[in-house]
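Student: I have a structure open in front of me and I am new to this. Could you show me how to read it, one feature at a time?

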Amino acid sequence: MRRQTGPIRPGHAIKRPQRLGHPRWPARPGPEPARLSAWDNGTDLAEKADTAMYEDDEDRIDAAGQLAEHNPGAAAEACSAIACDQAVGDEVRLSAAELLAGIDPRAAAPACVAIARDGTVGDEVRLSAAELLAGVDPRAAAPACLAIACDGSVGDEVRLSAAELLADVDPRAAGPACVAIARDGTVGDEVRRSAAEQLAAVDPSA
């Protein structure tokens, strides 16, 4: 559309911006009042749980929690996305996995695995994810526990706790984990001794 450059001729209509609302009617209320349907509210919350909407991890998990009341399916997807997002803080990722376990235990397993086997996550959070995983999918918990127990960069106590948890979910797999700890010279003596005792309990022939 060409811009008018010359003088305005008589009778020429000037287009003016359309006014919002009508002078005789009050402006429509914004989207926040409680008149919104559950579907509209759920859609809005789903967008808030998206990374593109909020950079604040806490906002994303809060939105996902509220979304669970309106649309559990969408909430599960949002929680899974948060839990598996390495750019999100460790505690928030764990909270998302815990929320997901309450909505869809089956979907929580991959999320817990993603946290428990992520070497960039803090030791305690990794162990908590493995413990949560043991409650929703014991079979999937075994490899996660083994990964933590055999990780030399993880703290001694957490490694031992992972081996003990492994002994509960899969005694056979606990043997290699206990051996890895007991033979690691960088591990404290007490923890190495405890790992050896645990090994004797799960595999007397070792």
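Tutor: Happily! Let's begin with a term we will need: a residue counts as buried when its relative accessible area is under 20%, and as exposed when that area is over 50%. Keep in mind that we are looking at a predicted model. Of the chain's 206 residues, 33% count as buried.

Student: What does the secondary structure of the chain come to?

Tutor: The chain has 10 helices and 0 strands. Reading from the N terminus, the order of elements is α-α-α-α-α-α-α-α-α-α.

Student: How do I read buried and exposed for a single residue?

Tutor: Let's try two. Glutamate 91 sits in helix H4, which covers residues 90-103. Its relative accessible area is 52%, so glutamate 91 is exposed. Valine 191, in helix H10, has a relative accessible area of 5%, so valine 191 is buried.

Student: Which residues is valine 191 in contact with, leaving aside its neighbours within four places in sequence?

Tutor: Those are Asp156, Glu157, Leu160 and Ile181. Distance along the sequence and distance in space can also be set side by side. Valine 191 and serine 161 are 30 residues apart in sequence, while their C-alpha atoms are 9.9 Å apart in space. For glutamate 91 and glutamate 58, the separation is 33 residues in sequence and 9.8 Å from C-alpha to C-alpha. Over the chain, take the contacts between residues at least 6 apart in sequence: 46% of them join residues at least 24 apart.

Student: Now the helices. How do I describe two that pack together?

Tutor: The general idea is that two packed helices are described by the angle between their axes and the distance between the axes. Take helix H2 (residues 57-67) and helix H3 (residues 72-83): their axes are 8 Å apart and the packing angle is about 155 degrees. An angle over 145 degrees counts as roughly antiparallel, so H2 and H3 are roughly antiparallel to each other. H2 passes H3 in a left-handed crossing.

Student: Which residues of H2 and H3 meet?

Tutor: From H2 they are Arg60, Ile61, Ala64 and Leu67, and from H3 they are Pro72, Ala74, Ala75, Ala78, Cys79, Ala81 and Ile82. Sorted by class, this contact has 10 nonpolar residues, no polar ones and 1 charged one.

Student: Can we practise on another pair?

Tutor: Sure, look at helix H8 (residues 156-169) and helix H9 (residues 171-182). Their axes come within 7 Å and cross at roughly 160 degrees. That makes H8 roughly antiparallel to H9, and the crossing of H8 past H9 is left-handed. On the H8 side the contact is made by Arg159, Leu160, Ala163, Leu166, Ala167 and Val169; on the H9 side, by Pro171, Ala173, Ala174, Ala177, Cys178, Ala180 and Ile181. By class, the contact of H8 with H9 holds 12 nonpolar, no polar and 1 charged residues.

Student: At what angle do H6 and H8 pack?

Tutor: Helix H6 (residues 123-136) packs with H8 at about 10 degrees, with the axes 10 Å apart. H6 and H8 are therefore roughly parallel to each other. Here Asp123, Glu124, Leu127, Ala130, Glu131 and Ala134 of H6 meet Val158, Ser161, Ala162, Leu165 and Val169 of H8. This contact divides into 7 nonpolar, 1 polar and 3 charged residues.

Student: Why might buried residues recur along a helix?

Tutor: An α-helix has 3.6 residues a turn, so residues three or four places apart point the same way. With that in mind, find the buried residues of H6: Val125, Arg126, Leu127, Ala129, Ala130, Leu133 and Ala134. What covers them includes H4, H5, H7 and H8.

Student: Which residues are buried in H7?

Tutor: Those of H7 are Ala140, Ala141, Ala142, Ala144, Cys145, Ile148 and Ala149. They pack against helix H5 (105-116), H6, H8 and H9. In H9, the buried ones are Ala173, Ala174, Gly175, Ala177, Cys178, Ile181 and Ala182, and their cover includes helix H7 (138-149), H8 and helix H10 (189-202).

Student: How far does H9 reach from its first C-alpha to its last?

Tutor: H9 has 12 residues and reaches 16 Å, close to the 16 Å expected at 1.5 Å a residue. H6, with 14 residues, reaches 20 Å, close to its expected 20 Å.

Definitions and conventions
Residues are numbered from 1 along each chain as its sequence is written. This is a predicted model: local features need pLDDT of at least 70, side-chain atom pairs count only at pLDDT 80 or more; totals for chains, interfaces and linings use all residues. Side-chain values use heavy atoms; hydrogens and water are left out. Axes are lines fitted to C-alpha atoms, for helices over the stretch in contact, and angles run from 0 to 180 degrees between N-to-C directions. Helices (H or I, at least four residues) and strands (E, at least two) are DSSP runs, numbered from the N terminus. Angles under 35 degrees count as roughly parallel, over 145 as roughly antiparallel, 65 to 115 as roughly perpendicular and the rest as oblique. A crossing is left-handed if the near helix is turned anticlockwise from the far one by less than a right angle, and right-handed if clockwise. Contact means heavy atoms within 4.5 Å. Ala, Val, Leu, Ile, Met, Phe, Trp, Tyr, Cys and Pro count as nonpolar, Asp, Glu, Lys and Arg as charged, and the others, Gly among them, as polar. The expected span of a helix is 1.5 Å times one less than its number of residues. Buried means under 20% relative accessible area, exposed over 50%, partly exposed in between (1.4 Å probe, protein chains only).
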